[in-house]
Amino acid sequence: MQTKSMQIGRKRNLLRRYQDVMDEFNKHDCRYIPISVIHREFIYPKFHISRHTLYRILNTPIEEELQEINRTQPTLFDL
């Protein structure tokens, strides 16, 4: 059984990974390039995630959840 701090740490790392994917996605202009092309040309070769996972990341409020996690349990690096 996992402890609460381990669950929070896993969620924090997942959200940081999501943030890295979002940063890469935002480098490209999705107004002119379809999301499927951005995924195929830029996201998949770097992160090896499916399109379904990319859509899940796009619909996740990453910054709000990270702020909530950091408010409940700050790390040594956040001080």
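These legends accompany several close-up views of a predicted model.

**View 1. The whole chain is built from helices, with no strands.** Welcome to the overview. The secondary structure of the protein chain comes to four helices and zero strands, and read from the N terminus the order is α-α-α-α. The protein chain has 79 residues, of which 27% count as buried. Its accessible surface comes to about 6100 Å², and carbon and sulfur atoms hold 54% of that area. Among contacts with a separation of 6 or more, 55% join residues 24 or more positions apart.

**View 2. Helix α1 spans residues 4-26.** Let us follow this helix from end to end. Its 23 residues reach 33 Å from the first C-alpha to the last, which is close to the 33 Å expected at 1.5 Å a residue. Which residues of α1 are buried? They are I8, R12, L15, Y18, V21, M22, E24 and F25, so this set includes the charged-residue letters R and E in R12 and E24. The cover over the buried residues of α1 includes α2 (35-47), α3 (51-58) and α4 (62-72).**View 3. Helices α1 and α4 pack against each other in a left-handed crossing.** Here is a close look at one helix pair. How are α1 and α4 oriented to each other? Their axes come within 10 Å and cross at roughly 150°. Angles over 145 degrees count as roughly antiparallel, and α1 and α4 are therefore roughly antiparallel to each other. On the α1 side, the contact is made by I8, K11, R12, L15, Y18, Q19 and M22. On the α4 side, I62, E63, E65, L66, I69 and N70 take part. Several α1 residues of this contact are also buried, among them I8, L15 and M22.

**View 4. N13 of helix α1 is viewed together with L66.** The place of N13 is in helix α1. Is N13 buried or partly exposed? With a relative accessible area of 42%, N13 is partly exposed. N13 and L66 stand 53 residues apart in sequence, yet their C-alpha atoms are 9.6 Å apart in space. L66 belongs to the α4 side of the contact with α1.

**View 5. H28 sits in the loop between α1 and α2.** To finish, step just beyond helix α1, which covers residues 4-26. H28 has a relative accessible area of 18%; buried means under 20%, so H28 counts as buried. Which residues does H28 touch, not counting those up to four places away in sequence? They are I38 and F42.

Note on methods. Residues are numbered from 1 along each chain as its sequence is written. This is a predicted model: local features need pLDDT of at least 70, side-chain atom pairs count only at pLDDT 80 or more; totals for chains, interfaces and linings use all residues. Side-chain values use heavy atoms; hydrogens and water are left out. Helices (H or I, at least four residues) and strands (E, at least two) are DSSP runs, numbered from the N terminus. Buried means under 20% relative accessible area, exposed over 50%, partly exposed in between (1.4 Å probe, protein chains only). Contact means heavy atoms within 4.5 Å. Accessible areas come from the Shrake-Rupley method with a 1.4 Å probe; for residues, only the protein chains shown count as cover. The expected span of a helix is 1.5 Å times one less than its number of residues. Axes are lines fitted to C-alpha atoms, for helices over the stretch in contact, and angles run from 0 to 180 degrees between N-to-C directions. Angles under 35 degrees count as roughly parallel, over 145 as roughly antiparallel, 65 to 115 as roughly perpendicular and the rest as oblique. A crossing is left-handed if the near helix is turned anticlockwise from the far one by less than a right angle, and right-handed if clockwise.
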